[in-house]
Amino acid sequence: MKTIKYFSFGLASVLALSACSDQFLQDKKNYGQVGEEILNYYEGAQGRLNDVYSLCLPNVSALSWRYPSMGVNDDAAKSTEEYTGFGAFVNPEDELSSMSGGVSVPDLFLGTQNNIRENIWGHIRDINDLIRGVQDGSLPQDQKDEVLGQAYFLRAWRYYNLFKFFGGVPIVTEVLNPTADAFTPRATSKETYEFILNDLQMAADLLKEKTANGGWNSTNWGRITTGTALALKGRLMLLWCSPLFNRANDEARWQAAYTEMTNDLATINACGYGLYQTGNNVNGSDFANQFVQTGRNPEAVFVVNYNTTAILTGIDDAAKNNSWERFIRPDNQGGNGYAAGLMLVQMFPMADGKLPAGLNTYTKLETSSYSYEKDYPFMNRDPRFYRTFAFPGFRWAYSGNAAEHDAHNPSDAANYTLWNYVWYTDLNDQDNPESGNSYAPDNLLTSKQGIYVRKRSDDLDCNSATAYVYNANGWKSGAGPFYSAAQLIEIRYAEVLLNLAEVACGAGKMSEAAAYLQQVRDRAGVPAYSNLSDQATCMSAILYERQIELAYEGKRFDDMRRWMLYDGGTQQPEGAPASWTLTGWGGNTCTWLGFKPFNGQRRENIEFRLADKYGVGTTLWNGDPLINTKLDGHADSPLDSVAKAYIADHAGVALADAKNLPEVVYAAEKAVRPAGVNFSKGDMNEQLAALKAWYQDNLVVKERKGDGRDSQHNDLYINFRPKYYFLGMTSAVQNANKGLPQTIGWQDYNNGGANGTYDPLAE
C-alpha cells in the first residue's frame, strides 16, 4: 500500500481519552512530531500512548473509517430492524459503486488521503512508531510492557475494523517512509486474521501482570486490560467461525474458538469484569443503569469515559461529553430524538421471554402465551423493552428545567412524562401514511417521534446519581444542554457471554451455550428457554438474544452480515468462484436458523394520534384539541363543579391563558392525562393497564411510512446485494493506491472498471 503524504500538524490538544479520572482527563498533547528520546521517559511514552488513544477510541458517531457504528441511525443501523429509511446498504433504487459517479461505496478503508491524522493508515503508522520507539528505548521492561500492550491492542482494533468489511488488507508493521514507491501488498484474509489474533494475544500477555488481578486502579480505569484484549480476540474468532468467512462450516474453527474463549473467560473475570448487577433489580433497572456509570463498571470491558465539562464558547479541550443523551432525548428536553422502527418493537420478546405469536421471523423459537397487542405494544413485554423504547405516557425524568430555554417546554423535569401523541390540522392527512403534517403536545409540535429510542438513557427515576448535567446555557454553544459523563461501552460483558454461547453452540455444546445465554437473560429478569438441544434452534435463540440485548449499540449490522441474514448466503456477486458457495448450514443460513430473510421486507413506523372525537388542532404550542376540549367545558370533561362553573362564566378561555386561571382549573386541565408510567415502581402491570385504558379512550394507532416508496407511491423493499458482504474500495482509494487489487464483485477503477480480482476467501 502506498503511504500517505505526511501532513504537517502542530501540537494541538487532542484529548479524547478513555479514563474517568480528572488526572487522566488532563490536557494531553499530540506527541506525533517530537523526538524519539521522549519515549525514554515514562511520562513521554504515556503522552504518545494517550495521543494514540485519542485517535482510535470509538465515539458516538455514524459509521466511518474512523468509528464503528454505535447505535445512531447511520447507514449500518438503517440496514437492520432497528430503524427505518433505507440505509445505503439496503436501498433498492441505488446500487453502491466503486467507480466515480453514482452512489459511492462508503470509504471504510482510508479516510482523508492527505492528512495522516485523519486516515486509518496514518493511525497505524503512529502506533507502529510508538511500538518501535518504546521497543528500542530505555524504559524499564515493566513500563515497556504496559505501553506496548495497549499499543498492540489499538493496532489490532484498527485492523479488526478493516478486516470485518474487507477481509485481507495490507499488513504494515514498520514505520514506512512517505515515498511514492513505498508499497505493501494486500494480505490474505487468513494472514490478516492471524496478525490481529497475534497482536491481541501479545496485548493480553503484556498487560496481564498489571491488569489480571482486578484491573487498573481508579486513576487509570478505562484503559485497555488483558480482559479487553481477550474479549476482542473472542469477537474476532467468532467472526472467523461465522458463515461470512466459513462457508463450509468448518467445525474445527468452532472447536478452536470454543477452547480458546472458554480458557480466556477466567482471565477476563480476573480483570474485574462481570455482569452489572446491584441485587436490587426493579423492572430491568440493572440493565438500564449499566450504561450510565461514571466509575468502575464491571460490564464495561472496552469503554470510553467522558466528563460533564460544558463547551460554552469556542473549543474547550477539557470538555469530553458523551452526546448520546442529547441525541435521544425529546426536543422539549433539549434533544433530537431517534425514531425506533416498528419491526424491532414487534420482534421484542414478551414477558415470558418468548417471541410474540404471529411473527414469522424466528420460526424455530417458542412463541409466547401472551398476545401481542398492536394498538398497545407496551403490554406484557420483556423488562428490557421498557428500557429500550419510550411511548406516550412513559415517564422519562431528568435533572434540570428545559423551560429555561423555552417557556413552553415542561418545567417539572423530575416528573417529566413523554406525551408524543399527535393531532392533525386537516382531516385529509389524518389517515394518510405518507403525511407528516402532525403536531405533538408539550411544545414538541413537529419535532417528535412516534416511538422513541430510550436505550442507554440516564433516567432520573432509575439513577438518582445522574451521569449528566443539564445546562440550558448549552444552547448558546450549539452543543445542546446535556453534558453527559456516561460511559460509551464498545464491548460489554454480556457480549462476552453471548460470543462464548455462540461458539459453544457451533462446537455442538448446546447445554453450555444455553447456560451462558441464560446468564444474560437472568440479569434482565427473563425466563429461560425450555429446550435448546437442537443446534439450529439454539443458534437461533442466541442470535435473537443478541438482537435484543445489544439493540441500538451498533452490533446488529455486523451480526446480519456475518450470518448472511439478508439472503441466507444463497446469492453470489458477479465473478465469485465456486469456493464462495455456502455449503454449510444446508446452503442457506436463513432456512437453517428459521429466520425470515431480510431482503424483500420493508419496515414501517407508527404514531399515536388523537381519537376522531377530538377533531383537528392548530400548529401552535397550545393547539392540542384534547387539552382544549376540556377548557371549553364539555359535559364529559373531568373538571369538577367549581372548575366547570368558572369556565361557564369565562367562555372561550384559551389554553394560552391557562396560567391565569384559578389553580383548580389549571390543575384539572393538567389531570386530563394520567400519571406517567414509572418503571422504578414495582406495580408496572397495574400502571400499564391504566395507560392502556387511557389509550382506548383517547388514542388511535396510525401506521406511518417508514422505508421509501417510488415516485408513484409504490412500496419499495430492502435489497442488500451479495457483493456488500465484502466491501470494495472507492475509486479515490484505488486511485491513491494503484497496486492494490479490488475485491471480487466490485469494479476495479485501475483496470477500466473490470471485475475485481481479490478473493477474501482465498488462503
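The exercises below work through a predicted model of one protein chain.

Local features are reported only at pLDDT of at least 70 and side-chain atom pairs only at pLDDT 80 or more, while totals for chains, interfaces and linings use all residues. Residues are numbered from 1 along each chain as its sequence is written, and side-chain values use heavy atoms, with hydrogens and water left out.

**Exercise 1. Describe the chain as a whole: its secondary structure, burial, contacts and surface.**

Step 1. Take helices (H or I, at least four residues) and strands (E, at least two) as DSSP runs, numbered from the N terminus. The protein chain then has 21 helices and 16 strands.

Step 2. Call a residue buried under 20% relative accessible area, exposed over 50%, and partly exposed in between (1.4 Å probe, protein chains only). Of the 763 residues in the protein chain, 62% are buried.

Step 3. Let contact mean heavy atoms within 4.5 Å. Taking contacts between residues at least 6 apart in sequence, 71% join residues at least 24 apart.

Step 4. Compute accessible areas by the Shrake-Rupley method with a 1.4 Å probe; for residues, only the protein chains shown count as cover. The protein chain has an accessible surface of about 26,900 Å², and carbon and sulfur atoms account for 46% of that surface.

**Exercise 2. Check the lengths of helices α2 and α14, then examine their burial and their starts.**

Step 1. The expected span is 1.5 Å times one less than the number of residues. Helix α2 (residues 120–136) has 17 residues and should span 24 Å; its end C-alpha atoms are 24 Å apart, so the two values agree. For the 15 residues of helix α14 (residues 535–549), the expected span is 21 Å, and the end C-alpha atoms are also 21 Å apart.

Step 2. In α2, 13 of the 17 residues are buried, so the helix is largely enclosed by the rest of the structure. In α14, 14 of the 15 residues are buried.

Step 3. A polar contact is a pair of N or O atoms within 3.5 Å; within protein, one must be able to donate a hydrogen and the other to accept it, and residues adjacent in sequence count only if both atoms are side-chain atoms. At the start of α2, a side-chain oxygen of Asn119 comes within 3.0 Å of the backbone nitrogen of Trp121. The N-terminal end of α14 is capped by Asp534, with a side-chain oxygen 3.3 Å from the backbone nitrogen of Ala536.

**Exercise 3. Locate the nonpolar cores.**

Step 1. Define a nonpolar core as a set of buried Ala, Val, Leu, Ile, Met, Phe, Trp, Tyr and Cys residues joined through side-chain atoms within 4.5 Å.

Step 2. The largest core has 206 residues, and the members touching the most others are Phe109, Trp121, Phe153, Phe378, Phe389 and Phe391. Helix α3 (residues 141–166) supplies the largest share of this core, 14 residues. Another core, apart from it, has five residues, including Phe291, Val292, Ala467 and Ala486.

**Exercise 4. Describe how strands β3 and β12 are paired and covered.**

Step 1. Two strands pair if DSSP finds at least two bridges between them. Strand β3 (residues 300–304) and β12 are antiparallel, with four bridges.

Step 2. Phe302 has Ile491 of β12 as its bridge partner, and Val303 stands opposite Ile489.

Step 3. Five of the five residues of β12 (residues 488–492) are buried, so this strand is largely enclosed by the rest of the structure. In β3, five of the five residues are buried as well.

**Exercise 5. Characterise selected residues in the loop between α15 and α16.**

Step 1. Met564 lies in this loop, between α15 (556–562) and α16 (589–593). Its phi is near 55 degrees, a positive value in a residue other than glycine. At 1% relative accessibility, Met564 is buried.

Step 2. Trp585 is in the loop between α15 and α16 and has a positive phi of about 55 degrees, although it is not a glycine. Its relative accessibility is 7%, so Trp585 counts as buried.

Step 3. Pro573 also belongs to the loop between α15 and α16, and counts as buried at 9% relative accessibility. Leaving aside neighbours within four places in sequence, Pro573 contacts Trp580, Pro722, Lys723 and Gly745. From Pro573 to Trp746 the separation is 173 residues in sequence and 8.5 Å in space, C-alpha to C-alpha.
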